[in-house]
Every structure is written in C-alpha cells, then in structure tokens.
Amino acid sequence: MRNLLIGTTALMMGLAAGAAHAADLKVGLSAEPSALDPHYHNLVPNNAMAKHAFNTLVEQDANQRLGAGLATSWKALDDTTWEFKLRPGVKFHDGTPFTAKDVVFSICRVPKVPNSPSAFTIYMKSIESMETPDDMTVVMKTATPYPLLPTDISTIQIVAANTGTLNGPLVFKKDGCTGVESYPSTEDFNSGKAMNGTGPFKFKEFVKGDRTVMVKNPDYWGEKAAWDTVTFRPIAADGPRVAALLAGDVDFIENPPSQDLPRLKGDKKVHVVDGLSNRVIYVAINSGSAVHPGLKGVDKNPLADPKVRKALSLAIDRKAIAAKIMNGQAEPAGQTISPGLFGHNPDLKPDAFDAKEAQKLLAEAGYPKGFEVTLGTPNDRYMNDEKVAQAIAQFWTRVGVKTNVDATTASVFFSRRGKQEFAAFLAGWGAGTGEASSPLKSLVACRNKEKGYGTTNYTDYCNAAMDATLDQALATIDDAKREKLLQTAMAQVAADTGIIPIHFEKTPWAMKANLTYVPRVDQQTMAQYIRPAK
Amino acid sequence: MGYVINRLMQGLMVIAVMAVLVFVGVYAIGNPVDMLISPEADQAEIEATIIRMGLDKPLWEQFLGFVGGALRGDLGTSFMYNEPAVRLILARFPATLELALAAILMAVAVGIPLGVIAGLRPNGVVGRSIMTVSILGFSLPTFWVGMMFIMVFAVSLGWLPSTGRGETVEVLGVRWSFLTANGLSHLFLPALNLALFKTSLVIRLARAGTREVITQDYIKFARAKGLSETRVILVHMLKNMMIPVVTVLGLEFGSVVAFAVVTETVFAWPGIGKLLISSIVHLDRPVIVAYLMLTVLLFVTINFVVDLIYAILDPRVRRKEAA
C-alpha cells in the first residue's frame, strides 16, 4: 500500500514536471468571440478563433494575398466557372479524410445558421451551382463573371460533413441543399461536439467570458504549431491586459493601447511588433444634399463643391496627427486602401498640409469667411478616434471653417450616422476582402441597393465615372487588368476628393521577449503564427 | 393578510413600471444591427438580419412580445450569443456570487475589529488613524484602486495573478474558484478591491454601535459584576452592536452582487457585471433588459421580505396599514 502511494506520488510529480516543460502559451485577447461556430458571426475575433481549428479552401496570408489552403489550386475555366483542386491526404481531427463533400456541406450550412447576427451568406450568394466531379475537385458556377469568388471562399471555414446528419446524396442548390437532415447547431460548436476541423489546433475547452483552450493537432497538414496548449483569455480593458502581460499571467496580448507602447518598447522583457492594417481612418463629407442641418452660416451646401472638399483635405496636417496623436501608430493616407493590398494606387500620395492653399481654394469657391460644420465621431471605436477628430476640427477652424466635434459612444454614433445626421463624420473602414473594391463599393460608390453599392456611403457622394470603372473591375476575371481598373477608380475618387482619407492604422501586438509574431493586415491574432524567437 | 397582498401589489407595480422604463430606455440607445453586423454586409443582408431579429416591428409590438415571453419566464434570446439571456446570466452568476461573498466576508473580518477598537478609544491615536484610513476606503475610486493593486501585487511584486478566475472546481454542476489554491489566489485581489468600500462602511457602523452600546446600563452592570473586559466586549457588547451591522450588510449584499461591474471589468472576472458591460457595448438588448429586470426582481424581493419581517416583528406596522 505504502509502495503504491509512493509510486503514485512519484508518477504525479513526474507528470507535473512534464507539464511544466510542455510548450504552453497564454494569449490575452481584447475581444472574445461570441461563439466557436465558424459560420455564426462574421466578426474579427470569431474569424481569428475559427482559423485555429478550421481551414478554408483558399487562405489569406499576413498581407491578405490569397494562397493555397485546403485547395491546392484553383482557376477560372471560363468567366463564370471556377474549379478548385482539393488537397489530398488531409484528415479532420476525428481522423475522417477530407473530401469535396465537406466543402459542399460547409457552404450549404452557411445560410442555415439560426439567428446569425452577421451571416456569411454575403460570401456565397454569388454561387449559382456547385458540382463535385470527383472527391478532390469542386466546380462552382456564378451567374455573371465574378472575380472575387476565391476571395469570398477564403472566408468560409470548412467543417466536417459528419457533424451533421445526411439522409441522401448531398446536392448544392441555391435555395437550399438537398440530402441534409440536420446541421450542427451553434451550441454544438460551443460545447465542442461539432468542433471537428482540419486546423492546426484541436478544441479542448470553451468557458464563455473566461477562456478558450486549444491543443496542438499533431497530424496537421501544414506547418505545425509551436505550442502544445494555447489558452485564450478575454481581457477587454486595456490597462489590465497590459498588466497581465507585465505580470507574466499571459505571454502575448493583442491591441496594447498606443499610450502604453513607449513603455512596453522600453521594457527588455517585452517584445512589441506592429504593422500596417487594412483599416483606413477617413472623414466623409456630405456632398449629395442641397442643405444639411449640420452646416451653419450658409444657405446651400458648400461641401458639394469639390474645391471646398479639397481645401478641407489640404487643411489637415496628417503627419502631425500620425506622430503626435497616434504615437506613430499610423501612416498618412491618400486613398482608402492600404499600401501592399490589391488595388492600391502608388501614384496617389496623401495631401500635404497647406493651410494657405486651403484658404485660397475656399475663397475661390465663394467662402472667403468659411462656414460652420459639425464633425461627428465615435469615441470608443477606433484608436484615439475622438482625439483625431478634435485635431481635425482645429485644423479646419484654423482655415476659417469653424468646426464643432460631436463625439458619442459607437452604438449611438452608428445609429445617428445611419440616419445621416452628420454633415461630416470620422470613421474607419477595414477592407475585409483585402482589396480595393471593398472600400470603393461600400464608402464611395453611389448608393444602390440592388447592386449592394454605397452601403456605408452616408454622405450621398456619387461619381458616375467611378461607378462605371468599378462595375467594369468587378466583372474582370484577369487579376492584372482588374487591379489596374481598381487603381483608376481610386484616382477618380481622389480627383474630386469624394472622401478625405486621414491615415492607415498600425496594429500593435506585445509579447514576452522570447516570442515573435508577423503582423497581420487583417488585425487577427492566431496562435499558430506566434513562434519562439530564434 | 391584506397587508401582504398590498405589499405584493406594490412590488408587482414596481416591476411593471421598470419593465416599461428599461425596455424603452434600451430601445432608445441605438440599432443593435449596426454593432453586430459585419461592415461588409450589403443592404439586403442588413435588412434580412433586422427582420431575423424582429427589429423591424414597431416598439409596442416588440414590447408586447417581450412581456408575453417574460410571463412565461423567457426574457429573450441574446442577439450576440444566440442563447437565452437568463441562461447566460445564470451561468455567470456563481462567479459574481463568489466574489461578492468573499468581499463581504473580508469587510466583516477586517471592519468589525477595527470598528470596535475605534469605538472603544474614540480619541486615541489608533482610533483616529482607523477613522482617517476608512475615509480613503470611501473616497478612492474602485477602478483606480484595482489598477494599483494589479500594479503593486501582480506586476511589481509578482505575488498574485493579475486577472481572471484561475482554476475552478465543479461542484453540483457549478464552477467555483475558492476551492482551489490557484482559484483563491485569483479571487483575493478582486475581492479585496470590492471589499474596500464595504469595509469602511462596516468600520463606521461598528464604531457607532460600540459607542452607543458601551454607555448602556447592562454594560456598566457587567463591569460592576467584575466580569473581565474581554468578556464584556465579546459577549455583552458585540452581540448588541451587531444588529445594525447585519441589517445594513444584508441590504448592501444585493448591491454588491448587482453592481460589481467595475471590479469585474478591471480584473477580467467572468461574472455578470462583465457580461453587462460587454452587452451594453454590443447593444445586446435582450441581455441588458434581462439583467436589469432580474436586478429589479432581486431588490423587490429583498424589500418585500424585509417588509414582511418588520410586520412580524412590529405589530404597529400592521395596524397602521389596516387603518
């Protein structure tokens, strides 16, 4: 009995020592995913978490350029037909081999997720039909030429078909697939029951509000993760998140606040990386309406005049904002898509600060004494959003356009913006698709519900020439030609200052000195890319 | 009996009025879809989502739907998590309860001895120092003190973990931290942070109670009988001065549970306060409404019970109501 006890104790001590040597990683997140279901909520924290356990056919790299994922290659057979060749030898976490059936099942499930607060249907509704000539090939057809299909497909995670119940041959139909009796529920993913993916990590535990735990998938088809166990902890408050890193409770945090960065960078035990994100901070100005309650001292809308808009852009000292208010965590912008992303136009430089020229343009437009405008801004959504708006207000006031800042919490701001209460507002746009058609389509294209254009264009800017170029780009399959067209559209918006880009945000990550991370344009935190420093 | 029915009706009235106020108030903040949906979604998708969430219906229709559900015990489904709001709140309740109990325990364990000492020697150096320090407990903002605790005990000294709940043990299907050493170390700082204000309150109540009781005849008599000072304080005095302390702490307990929001946010403690904050940020209306309604229910119930106890204890209350 006694020997047994000693033996057990020794064994336990051995286990404890073993656990201490295993590579464990603790990550402090600024926002928690609302569910582990990869098709439930199209939101950065959810999408980042999903990529630990799941893969997509086409994957976006750190710069959101497309690369091979569960599909080794894809090509357009003609303008409306796309063929994806699947990766052979991939296994799900439960050992089931990955085949074309899983792809069809996953895409079929997207519109069937109950109560999704932000559905992924926007990424699959262009698919008219889908066929699987063999187990390793998927062919998709679209109604009209649609070059963004591979980009859209890169957002849909592939789940195993055996997580649902099939009752016949699985056939994709646009208005609802046949052959499926039931799909796994969101709750099945949260409990881990349906967390059967192909990704570098396997599900272990999800305690809402407290932690998500994943363990290494030793049979992963790609580069294996450096960690045996990863624990994600949501620490929403900025200060405590930084403190948790400094105290050693977590090894890695996302979004350290910009005011703490000088201190963190000066700390030898901490390593900070940052990189340009796909998010542009911009000021939108109402150019569409004849009069607007947000404007005073005028009887018509001065913002309808491109000269006035140009003047307002020239009046802003973007370099000073990036250096002084953003602590270097921003790069001045002259367009709405970040450098390095598809469709960025290298010829468009940020407007250089020139108060004299701004005043001259205002006088030419017939406003030598300026006017009064209210600038709306959220105060808790983007990095230092309200401070940036205050600075812009002062720059504008200096050239004679008296500017009042109206700052509110994001939920109130977005509702008021939706009602077009602001003649001018500051906001941000992250190009989710990682290419220029995203900001062009949503921010500056003329509002058109049928085409899905101008969804966030709350200033009624409309430039028919730009819309025509964008239409053409979105129907051009050839990548090189499309990129040229998108660059042209960017230049067309800049030509009459349809929108005033301010800067591109840089995203920082802070970690223990012995770790590294390659900054991601999409601002996502993924443990498989956190590596021990060499 | 008439008294009980009367009180019950009053309680129900309060709940009904609060339901209207809470619902209309939360409705006025903004559109949840703006906060939940991906900016990439087009108008068609936004409209589909609004309809899916029932937000296209007029306010009165949404309210009637809510009331109908509430009468069946269903306070709505979270927009964010697609789970019943009540279940979300109850799942996190143990964490908050544990924190609140630990805080109250600390407040009593520290506050009563200090209060008694201050009451026994109101003009001494020790008594005065205790009272001065207790002012700090009242006046320092919880958020700042919490951050200072983390900076000193977690970051600089490294004695205690900075945030989170640590290891938990499942008892009767509920996770508790206080049963593991690791969990206890996580519990200590947030509980201390939450206890600070209450400790100061207890010190003041205990001091006042002590000063009042000490002049009573039975204390003089006990001393005259030749009982030791320790016995006089521990048996005769402590018992009598505890009455107001217990009454106030009972009432305060409700507010500690309902409003541990700040402490939970600072220490990333996964309780209902943190849930409330994130629900407000994301405009997850059903969770906000359910949380406030449950809080109202909690307070109405406490008050109802207190009223009943008063009536039992004091016949005058009953007679006055009947008249």
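Okay, let's start with chain A: of its contacts with a separation of 6 or more, 69% are between residues 24 or more positions apart. Before I go on, keep in mind that this is a predicted model.

So, what is chain A built from? It has 15 helices and 22 strands. The radius of gyration comes out at 25 Å, and the globule rule gives 24 Å for 534 residues, so chain A is as compact as a globular protein of that length. If you lay the C-alpha trace of chain A along its principal axes, it spans about 95 × 55 × 40 Å. And 52% of those 534 residues count as buried.

Now a couple of helices in chain A that sit well inside. Take H13(A) to begin with. How many of its residues are buried? 8 of the 8, so H13(A) is largely enclosed by the rest of the structure. If you want to click along, that's A:Ser437, A:Ser438, A:Pro439, A:Leu440, A:Lys441, A:Ser442, A:Leu443 and A:Val444. Yes, there's a lysine in that list, A:Lys441. What do these buried residues pack against? Two strands, S14 (270–285) and S19 (424–430), plus two helices, H14 (464–473) and H15 (479–495), all in chain A.

H2(A), residues 44–53, is a similar story. Here 9 of the 10 residues are buried, so this helix too is largely enclosed by the rest of the structure. The buried set runs A:Pro45, A:Asn46, A:Asn47, A:Ala48, A:Met49, A:Ala50, A:Lys51, A:His52 and A:Ala53. For H2(A) the packing partners are strands: S1 (24–29), S10 (201–207) and S11 (211–216) of chain A.

Let me go over to A:Asp188 for a moment. You'll find it in helix H5 of chain A, residues 186–190. Buried, exposed or in between? With 17 C-beta neighbours inside 10 Å, A:Asp188 counts as partly exposed; the cut-off for buried is 20 or more. Leaving out residues up to four places away in sequence, A:Asp188 touches A:Lys193 and A:Ala194. To give you a sense of distance, the C-alpha of A:Asp188 is 40 Å from that of A:Gln329, which is 141 residues away along the chain.

Next, where the two chains meet. The contact takes 40 residues from chain A and 43 from chain B. On the chain A side, four elements each supply at least two residues: strand S12 (229–234), helix H6 (238–246), helix H12 (410–418) and helix H13 (437–444). Which of them gives the most? That's H12(A), with 6 residues. By class, the side of chain A that touches chain B has 19 nonpolar, 17 polar and 4 charged residues. And note that H13(A) is the helix we just had: it supplies at least two residues to that side, and 8 of its 8 residues are buried.

On to helix packing in chain B. H9(B), residues 217–224, packs on H10(B), residues 229–258, at an angle of about 150°, with the axes 11 Å apart. That makes the two roughly antiparallel, since the cut-off for that label is over 145 degrees. The crossing is right-handed. H9(B) brings B:Tyr218, B:Ile219, B:Ala222 and B:Arg223, and H10(B) brings B:Val232, B:His236 and B:Met237. That splits into 5 nonpolar, 1 polar and 1 charged.

The other pair is H6(B), residues 125–139, with H8(B), residues 181–214. Here the angle is about 140° and the axes are 8 Å apart. H6(B) and H8(B) are therefore oblique to each other. This crossing is left-handed. B:Ile130, B:Ser134, B:Gly137 and B:Phe138 of H6(B) meet B:Leu196, B:Phe197, B:Thr199, B:Ser200, B:Ile203 and B:Arg204 of H8(B). Class-wise we get 5 nonpolar, 4 polar and 1 charged.

Last item, for those of you who like to check backbone torsions. A:Gln64 isn't a glycine, yet its phi is positive, about 60°. A:Gln64 lies in the loop between strands S2 (58–60) and S3 (66–68) of chain A, and it's buried, with 21 other C-beta atoms within 10 Å. In chain B, look at B:Ala268, with phi near 45°. B:Ala268 sits in the loop between helices H11 (261–266) and H12 (272–281) of chain B, and it is buried as well, with 25 other C-beta atoms within 10 Å.

Notes
Residues are numbered from 1 along each chain as its sequence is written. Chains are lettered from A and ligands numbered from 1 in the order in which they are written. This is a predicted model: local features need pLDDT of at least 70, side-chain atom pairs count only at pLDDT 80 or more; totals for chains, interfaces and linings use all residues. Axes are lines fitted to C-alpha atoms, for helices over the stretch in contact, and angles run from 0 to 180 degrees between N-to-C directions. Angles under 35 degrees count as roughly parallel, over 145 as roughly antiparallel, 65 to 115 as roughly perpendicular and the rest as oblique. A crossing is left-handed if the near helix is turned anticlockwise from the far one by less than a right angle, and right-handed if clockwise. Two residues are in contact if their C-beta atoms, placed from the backbone, lie within 7 Å. Ala, Val, Leu, Ile, Met, Phe, Trp, Tyr, Cys and Pro count as nonpolar, Asp, Glu, Lys and Arg as charged, and the others, Gly among them, as polar. A residue is buried if 20 or more other C-beta atoms lie within 10 Å of its own, exposed if 12 or fewer, and partly exposed in between; C-beta atoms are placed from the backbone. The radius of gyration is taken over C-alpha atoms; the globule rule is 2.2 Å times the number of residues to the power 0.38.
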